[in-house]
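Open your viewer and keep the selection tool handy. We will make a few stops together.

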Amino acid sequence: MNIRNIEEINQKIQRGEATVLTAEEVSNLVRDGEEPKAEDIDVVTAGTCGIMSGTAAVFHIPAGEPGSFKKAKKVLLNGVPGFSGPCPNEWLGSVDLIAYGTSHSIYDEEYGGGFLFKDIVEGKDIEIEVESINGEIIKSTTNINEMGMARMVGTRLAFKNYTAFLNPTEEPVASIFNAVDMEGPFKGLSFSGCGELNPLQNDPGMKTIKTGTKVLLCGSEGIVLGSGTRSAPEKPNLMIAADMVDMDPHYLGGFKTAAGPEVFNSVAAAIPILNDEILKNTFILNKDIQLPVADIRGRHKVLGFTDYASVWSDNDERPVYDPEACLNCGVCMVRERCPTGAYEGTLNEGKCFGCGMCASSCQHGAFEMKRGELKFKMDDEVIDVPIICRQSDIKRARELTGELKKRILEGKFSISGWY
């Protein structure tokens with residue numbers, strides 16, 4: 001039975017009287033032995049940040065003067081392929097296109113759609129190269145302020161639960177699930193997911209996060225279009241769209257992997273507390289969230305299980321860099337491997353993703369970061385493996401979750417009225 005409705009919550013938000021907690025704050029109360037009551041909380045905010053491969057963007061861009069070409073056949077944005085259509089825009093000098101976050105530049109193997117999207121949101125000039133259907137090559141530049149549209153569409157974002165990966169074999173394996181070729185056997189583990197902070201972990205039945213729900217996508221107010229492309233009742237995810245003009249570049253970007261550059265995004269959702277059942281779903285704790293451990297050669301090859309407390313609890317969220325310990329190696333493994341390009345002789349904390357690759361790559365101790373070691377049972381044997389790469393950033397997830405809470409408290413974000 002509902003104790004309140006959406007309209008009542010929105011009225012409290014507008015009056016500045018709403019009680020809003022983050023999912024992490026709720027979980028901390030539960031850990032401390034308290035049990036919050038539904039009548040005392042109006043909204044719980046939840047969020048996640050990580051690699052989200054099913055990300056694309058729809059653009060309408062000026063590419064040349066009107067009449068300079070009839071129709072685009074091929075389009076490159078900073079060398080990243082875009083796919084023109086369906087509207088031909090004949091003789092208008094502009095192009096409609098879709099670009100994928102996982103597409104790779106034809107000029108730079110380490111640059112891809114995720115890096116491109118971040119550059120666009122930052123307002124940087126983007127190099128455009130159009131090949132027309134008649135063979136003309138038209139080159140120009142543009143930026144987000146000149147684009148007629150820049151809208152991100154995520155086809156499968158914010159999975160409720162993820163998988164951790166390791167290599168049980170002697171042969172190194174290149175995969176999107178690790179920043180570099182994963183050595184084996186059992187030399188390191190990578191994982192994704194923000195555990196008890198994840199939106200769908202706090203609303204596992206999608207009772208409040210559903211088609212029409214407003215969310216934050218990379219800081220921009222967006223909308224849930226429905227379930228994502230690989231959504232299933234036991235492992236749901238979301239299709240989300242939002243305007244890139246309003247995005248904060250801090251919450252998105254490129255992430256280099258052994259199989260090429262990927263894209264990371266951040267999503268936050270507001271869960272209206274309409275009744276006790278909805279609130280109790282937010283009591284979830286990391287220790288109770290199962291994390292499958294699979295062979296990096298396939299998610300279907302599950303080797304064992306652990307939980308999110310094992311990978312997040314008591315570990316550092318960011319590395320500490322000691323420049324005095326740096327030996328200025330001729331080939332710096334940290335510079336080579338950093339997935340977001342956060343290290344260029346100094347550590348750019350704004351670019352840092354907290355993945356841990358620097359600490360696992362530097363042999364001289366210039367980077368220190370407690371990343372944890374994981375024990376899990378495989379058959380009858382207990383396997384002990386260090387965590388070498390995080391593909392989710394709990395710090396950014398926490399920040400966006402807090403930003404959503406702040407907007408609600410300031411009356412700048414209302415709850416979707418889909419009831």
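Two strands pair if DSSP finds at least two bridges between them, and strands (E, at least two residues) are, like helices (H or I, at least four), DSSP runs numbered from the N terminus. This is a predicted model, where local features need pLDDT of at least 70, side-chain atom pairs count only at pLDDT 80 or more, and totals for chains, interfaces and linings use all residues. Residues are numbered from 1 along each chain as its sequence is written, and side-chain values use heavy atoms, leaving out hydrogens and water.

Start by selecting 164–166 and 189–191: these are S10 and S11, which pair in the antiparallel sense over two bridges. Click Leu166, and you will find its bridge partner, Leu189, in S11.

Now widen the view to the open sheet of six strands, ordered S18-S17-S10-S11-S22-S21 with mixed pairing. S18 (302–307) and S21 (373–378) are the edges; each has a single partner strand, so one side of each lacks a neighbour in the sheet.

Next, select 394–409, helix H9. Its 16 residues should span 22 Å at 1.5 Å a residue (times one less than the number of residues), and because the end C-alpha atoms are 22 Å apart, the two agree. At the N-terminal end, Asp393 acts as a cap, with a side-chain oxygen 3.1 Å from the backbone nitrogen of Lys395. Among the buried residues (under 20% relative accessible area, 1.4 Å probe, protein chains only) of H9 are Ile394, Leu400, Leu404 and Ile408. Just after H9, look at Gly411, whose phi is positive, about 75°.

How values were computed
Buried means under 20% relative accessible area, exposed over 50%, partly exposed in between (1.4 Å probe, protein chains only). A polar contact is a pair of N or O atoms within 3.5 Å; within protein, one must be able to donate a hydrogen and the other to accept it, and residues adjacent in sequence count only if both atoms are side-chain atoms.
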